[in-house]
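Here are my notes on how the helices and strands of this model pack together. Please have the structure open as you read.

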Amino acid sequence: MTDSNTYEPRGFAVHTAPVGLGDDGRDDFTVLLSTAPATVSAVFTRSRFAGPSVVLSRAAAADHRARGVVVLARNANVATGAEGERNAREVRAAVAQAAGLPEEELLIASTGVIGRQYPMPALRDHLKTLTVPLPDGGFDRAARAIMTTDTRPKQACRRVGDAVVAGIAKGVGMMEPDMATLLTFFATDARLDPAEQDRIFRRVMARTFNAVSIDTDTSTSDTAALFANGLAGEVDPAAFEEALYEVALTLVKDIARDGEGAGKLIEVRVRGARDDAQAKRVGKAVVNSPLVKTAVHGGDPNWGRVAMAIGKCSDDTDIEQDRVVIRFGEVAVYPPGLPGARSEEEVRDAVAAELAGSEVVIGIDLGIADGAFTVYGCDLTEGYIRLNADYST
């Protein structure tokens, strides 16, 4: 499989434009459409404050038939009451009418500041000008237009047989714990059995976007969807799953690296757990710990903070400290007395060297069974505090 951002799946078209959701004049409105009938698989936030975009999209994706998505960036349209719901319906209906589609074949997604109504006069003016066919391709434009506080667009693709899997994502904060992205959309011209497509999509989401955490906060707007139009013909399901996983993991790592104010990617690899769920729980406890995050940011070789974070999993009574092994990279820091163990000063120097890089890998073996999971996150910096302190002002 080739790793490149220069190719796109057949039969997808993109429209982007500035409609005044932000105040800097950049594109903030996106339509991604398949030019042929398509199947969709989607997962959404489980927040009890989910916005009308999530509610509408859940219903639209329920029958696994959808042609695309409308994305409004920098306005979440959450906690906006009946007016916000009417506005979301109106926007989706207008795009569907312009595209000649039933509105139920379109998802809609919004992300940004909570509690603000859409600027409907500006949106209505723009929607009157929307015509099809849309320009072919344009995933790079879409990746930019869906950004909010992201510092750079996030896009990846892979070939699988004669087909292409492409993905874009938006997300830098508020990504825990149920979906862990904000917005991410995948498109492929592969033909898949809809039920198999859905199983593959959910497995990949569980191992990628459900494995990333920036700040433990759950977004009200998280949406992930895969559209498949089959124009490239059938592909091997296992090969497709591998390609989708590689695209999703690339986007997840980009999100973690671009976490609000982030300077370093943190990867926590847990093995030897009772099951994968326990491994994930322990990994999240470590990657979400403010003390671990700040130690990584400052390059402080205080590996005891990782031991502390594991110990917070107090309901996991089968975790026994005398069976746990902790590593930074290849450097074993706990327990003392392992074969080839170094002096305390040598360990601190070696851990400090691991922390000096832009990617920090923390390995944990619980010594219980064969459960394993890897989670991704980032350090905690002054920039995160500053950005979120000033987010709506």
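**Notes on helix and sheet packing**

1. Helix 2 and helix 3 lie roughly parallel to each other, a label used for angles under 35 degrees, while over 145 counts as roughly antiparallel, 65 to 115 as roughly perpendicular and the rest as oblique. Their axes cross at roughly 10° and come within 10 Å, with helix 2 covering residues 81-99 and helix 3 residues 120-127. Axes here are lines fitted to C-alpha atoms, for helices over the stretch in contact, and angles run from 0 to 180 degrees between N-to-C directions. Helices (H or I, at least four residues) and strands (E, at least two) are DSSP runs, numbered from the N terminus.

2. A word on the basis: this is a predicted model, where local features need pLDDT of at least 70, side-chain atom pairs count only at pLDDT 80 or more, and totals for chains, interfaces and linings use all residues. Residues are numbered from 1 along each chain as its sequence is written, and side-chain values use heavy atoms, with hydrogens and water left out.

3. Which residues of helix 2 and helix 3 meet? From helix 2 come N87, E90, V91, A94 and V95, and from helix 3 come M120, L123, R124 and L127; contact means heavy atoms within 4.5 Å. By class, this contact of helix 2 with helix 3 has 6 nonpolar, 1 polar and 2 charged residues (Ala, Val, Leu, Ile, Met, Phe, Trp, Tyr, Cys and Pro count as nonpolar, Asp, Glu, Lys and Arg as charged, and the others, Gly among them, as polar).

4. Now to the second helix pair. The axes of helix 7 (residues 276-287) and helix 9 (residues 304-311) come within 8 Å and cross at roughly 130°, and the two helices are therefore oblique to each other. In helix 7, V282, A285 and V286 meet V306, A309 and I310 of helix 9. That contact of helix 7 with helix 9 has 6 nonpolar residues, with no polar and no charged ones.

5. Next, the sheet. Its 5 strands form an open sheet in the order 12-11-13-10-14, with mixed pairing; two strands pair if DSSP finds at least two bridges between them. Strand 12 (331-334) and strand 14 (371-378) are the edge strands, each pairing on one side only. Strand 10 (residues 265-273) runs antiparallel to strand 14 and is joined to strand 14 by 7 bridges; L265 has C378 in strand 14 as its bridge partner.

6. Finally, helix 7 lies across strand 10, strand 13 (359-365) and strand 14, at about 25° to strand 14. Helix 9 also packs on the sheet, touching strand 11 (325-328) and strand 13.
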